[in-house]
Amino acid sequence: MRLRPIRLSPFLLAIPLILLILSQAASRAESRMELRAGDEVYACASVPACGFGTLSRVSNVCGCGRNLVQARVVEVEGENATLVVDGRAKEFRTVGRYACDCRENCGCGTISQKPGKCACGRILLPLRKTLME
């Protein structure tokens, strides 16, 4: 009796690649802080000097050691937002390289451009780059 070779359809071979792309797209979505003009968030007042660019929905401490201060969003364009921080307009990225992993547990939505800690005490996790970047 002779065994036949197994033929896999191209669709079955593409499933792992599709799952990888979808999981990385989900990771990308979690790194974005959705903002609209008029929103109130917490931001680091020493941007751009500190380079962390930390944004959070709750009071927190930036990786540079300064307390985040309440800020108001005045404009959002693409992946950047202009916030009024301590009476001055400052530009922030709304997509972080690091993000809090607590998700629904504390709802802080903390993102940063450098590693640090979340308001809940967890370490901000580095986010993978997507295949599309």
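**Which residue in the turn of the β4 and β5 hairpin has a positive phi?** It is Asp-86, with a phi of about 50°. The legends below start from the overall fold and return to this turn on the way.

**About the model.** This is a predicted model, in which local features need pLDDT of at least 70 and side-chain atom pairs count only at pLDDT 80 or more, while totals for chains, interfaces and linings use all residues. Residues are numbered from 1 along each chain as its sequence is written, and side-chain values use heavy atoms, with hydrogens and water left out.

**View 1. The whole protein has one helix and eight strands.** Helices (H or I, at least four residues) and strands (E, at least two) are DSSP runs, numbered from the N terminus. Along the sequence, the order of the elements is α-β-β-β-β-β-β-β-β. Of the 133 residues, 32% are buried; buried means under 20% relative accessible area, exposed means over 50%, and partly exposed lies in between (1.4 Å probe, protein chains only). A contact means heavy atoms within 4.5 Å. Among contacts with a separation of 6 or more, 50% join residues 24 or more positions apart. The accessible surface comes to about 8700 Å², and carbon and sulfur atoms hold 55% of that surface. These areas come from the Shrake-Rupley method with a 1.4 Å probe; for residues, only the protein chains shown count as cover.

**View 2. Helix α1 and strand β3 mark the two ends of the confidence range among the elements.** The score here is pLDDT, the predictor's confidence in each residue, from 0 to 100. The protein averages 80, and 74% of its residues score at least 70. Helix α1 (residues 10–30) has the lowest mean among the elements, 55, whereas strand β3 (residues 69–77) has the highest, 96. Over residues 25–29 the pLDDT stays under 50, and the model has six contacts beyond four places in sequence for this stretch.

**View 3. Strand β3 pairs with both β1 and β4.** Two strands pair if DSSP finds at least two bridges between them. Strand β1 (residues 40–43) runs antiparallel to β3, and four bridges join them. To find this pairing, start at Glu-40, whose bridge partner in β3 is Arg-72. Strand β4 (residues 80–85) is also antiparallel to β3, with six bridges between the two. Here Val-73 faces Leu-83 of β4, and Val-76 faces Ala-81 of β4. The hairpin of β3 and β4 has two residues between the strands, and Gly-78 in the turn has a positive phi of about 65°.

**View 4. A second hairpin links β4 to β5.** Six bridges pair these strands in the antiparallel sense. Val-85 has Arg-88 as its bridge partner in β5. Two residues lie between the strands. Now we are back at Asp-86, in the loop between β4 and β5. Asp-86 has a positive phi although it is not a glycine. Asp-86 counts as exposed because its relative accessibility is 53%.

**View 5. Thr-94 is a buried loop residue.** Look for Thr-94 in the loop between β5 (88–93) and β6 (98–99). Its relative accessibility is 2%, so Thr-94 counts as buried. Not counting residues up to four places away in sequence, Thr-94 touches several others, among them Ser-31, Arg-32, Met-33, Gly-78, Glu-79 and Ile-111.

**View 6. Three salt bridges turn up in a search of the whole structure.** A salt bridge is a side-chain nitrogen of Lys or Arg within 4 Å of a carboxyl oxygen of Asp or Glu. Side chains of opposite charge can pair when their charged atoms come close. Glu-34 meets Arg-32 at 3.8 Å, N to O; Glu-34 counts as exposed at 55% relative accessibility, and Arg-32 is partly exposed with a relative accessible area of 29%. Arg-32 also meets Glu-79, at 3.6 Å, N to O. Arg-32 lies in the loop between α1 and β1 and Glu-79 in the loop between β3 and β4, so this pair ties together parts 47 residues apart in sequence.

**View 7. Glu-79 also forms a salt bridge with Arg-93.** The closest N and O atoms of this pair are 3.4 Å apart. Because Glu-79 lies in the loop between β3 and β4 and Arg-93 in strand β5, the pair ties together parts 14 residues apart in sequence. Arg-93 counts as partly exposed at 34% relative accessibility. Through shared partners, salt bridges join Arg-32, Glu-34, Glu-79 and Arg-93 into one network.
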